[in-house]
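User: Could you take a close look at one part of this model with me? I would like to start from a single turn and work outwards from there.

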Amino acid sequence: MESWDEGGVRARIRDMAARDPGRAHFGADTHRYELAPALPEAEIGAFEEVHGIELPAEYRSFVAEVGNGPAGPGHGLMPLTAPRPEAHEDWAVDDEWEADRLPGRLAQPFLLTEPLPGRIGAPTGELTGELTGGTLMLAEEGCGIYSRLILNGPRRGEVWRIDPDWGGFVPVSPCFRTWYTEWAR
């Protein structure tokens, strides 16, 4: 497993914040260019055990070495083990986060073998709930659009975007490291 350069990532985020003092970049007002502390190995292991999964190495090492959100793409990286501090402010992202933690959901097989472009045609929570089994929501991009990490199957480790109204459910990055570092450029 390739480690992350915690100091380098945090320095890059500080630089991004310095160049955007008014938080004009999309999502910056939500994540505020802040990174929570990394999670202890025991907490990550307990999460994996409870959910019957093994997190993809790049994401796992990020939360273990760098931080547990929120600075990141969209409105920020969602925390792994505890709801975001602002949870229950009527954000759909909090409901999505909680749905991912329902027993067995993360361990479900990821059903898609190919991208599903275009309008899905079902409200979030119905068909989309079936499609997102076996994935972990990483970030909310607004308007019911989420970035999700594939947890199992041949697409394991890829990041996909689900946009039920227009964009479907399609891959956006081959891995968490690429997805996160492209945002931090």
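How many residues separate β1 and β2 in the hairpin they form, and which residue in the turn has a positive phi?

Analyst: Happy to. Please keep in mind that this is a predicted model. Two residues lie between β1 and β2 in their hairpin, and the turn residue with a positive phi, of about 55 degrees, is Cys143.

Let's look at the two strands on either side of that turn. β1 and β2 run antiparallel and are joined by six bridges. Beside the turn, Gly142 has Ile145 of β2 as its bridge partner. Another of the pairings links Glu140 to Tyr146 in β2. With seven of its eight residues buried, β1 is largely enclosed by the rest of the structure.

The hairpin belongs to an open sheet of four strands, ordered β1-β2-β3-β4 and paired in antiparallel fashion. β1 sits at one edge and β4 (168-173) at the other, each pairing on one side only. From one strand to the next, the twist averages 30 degrees. Helix α5 (residues 92-100) packs on this sheet and touches both hairpin strands, β1 and β2; the direction of α5 makes about 175 degrees with that of β1. So although β1 is an edge strand of the sheet, it is largely enclosed, because seven of its eight residues are buried.

From the hairpin we can move on to helix α4. Tyr59, Arg60, Ser61, Phe62 and Val63 are the buried residues of this helix, which spans residues 57-65. Both strands of the hairpin, β1 (135-142) and β2 (145-150), are among the elements that cover them, along with α1 (6-19), α3 and α7 (176-183).

Two of those α4 residues, Tyr59 and Phe62, stand out in the largest nonpolar core, which has 31 residues; they are among those with the most contacts inside it, together with Leu55, Phe176 and Tyr180. The elements giving two or more residues to this core are α1, α3, α4, β1 and α7. The biggest share comes from α7, with four residues. A second, separate core of 13 residues includes Tyr146, as well as Val93, Phe110 and Ile120. Tyr146 is the β2 residue we met as the bridge partner of Glu140.

Leu55 is worth a closer look too. Leaving aside residues up to four places away in sequence, Leu55 touches Ile44, Phe47, Glu48, Arg60, Leu80, Leu136, Leu151 and Arg156. One of these, Arg60, lies in helix α4. Is Arg60 buried or exposed? Its relative accessible area is 14%, which is under the 20% cut-off, so Arg60 counts as buried. The side chain of Arg60 is joined to that of Glu48 by a polar contact of 2.9 Å. With the same sequence neighbours left out, the residues touching Arg60 are Glu41, Ile44, Gly45, Glu48 and Leu55.

Finally, Glu65 brings us to Pro40: the C-alpha atoms of these two residues are separated by 8.9 Å, although they are 25 residues apart along the chain. Pro40 lies in the loop between α2 (28-31) and α3 (41-51). A relative accessible area of 45% makes Pro40 partly exposed, whereas Arg60 is buried.

Technical notes. Residues are numbered from 1 along each chain as its sequence is written. This is a predicted model: local features need pLDDT of at least 70, side-chain atom pairs count only at pLDDT 80 or more; totals for chains, interfaces and linings use all residues. Side-chain values use heavy atoms; hydrogens and water are left out. Buried means under 20% relative accessible area, exposed over 50%, partly exposed in between (1.4 Å probe, protein chains only). Contact means heavy atoms within 4.5 Å. Two strands pair if DSSP finds at least two bridges between them. A polar contact is a pair of N or O atoms within 3.5 Å; within protein, one must be able to donate a hydrogen and the other to accept it, and residues adjacent in sequence count only if both atoms are side-chain atoms. A nonpolar core is a set of buried Ala, Val, Leu, Ile, Met, Phe, Trp, Tyr and Cys residues joined through side-chain atoms within 4.5 Å. Axes are lines fitted to C-alpha atoms, for helices over the stretch in contact, and angles run from 0 to 180 degrees between N-to-C directions.
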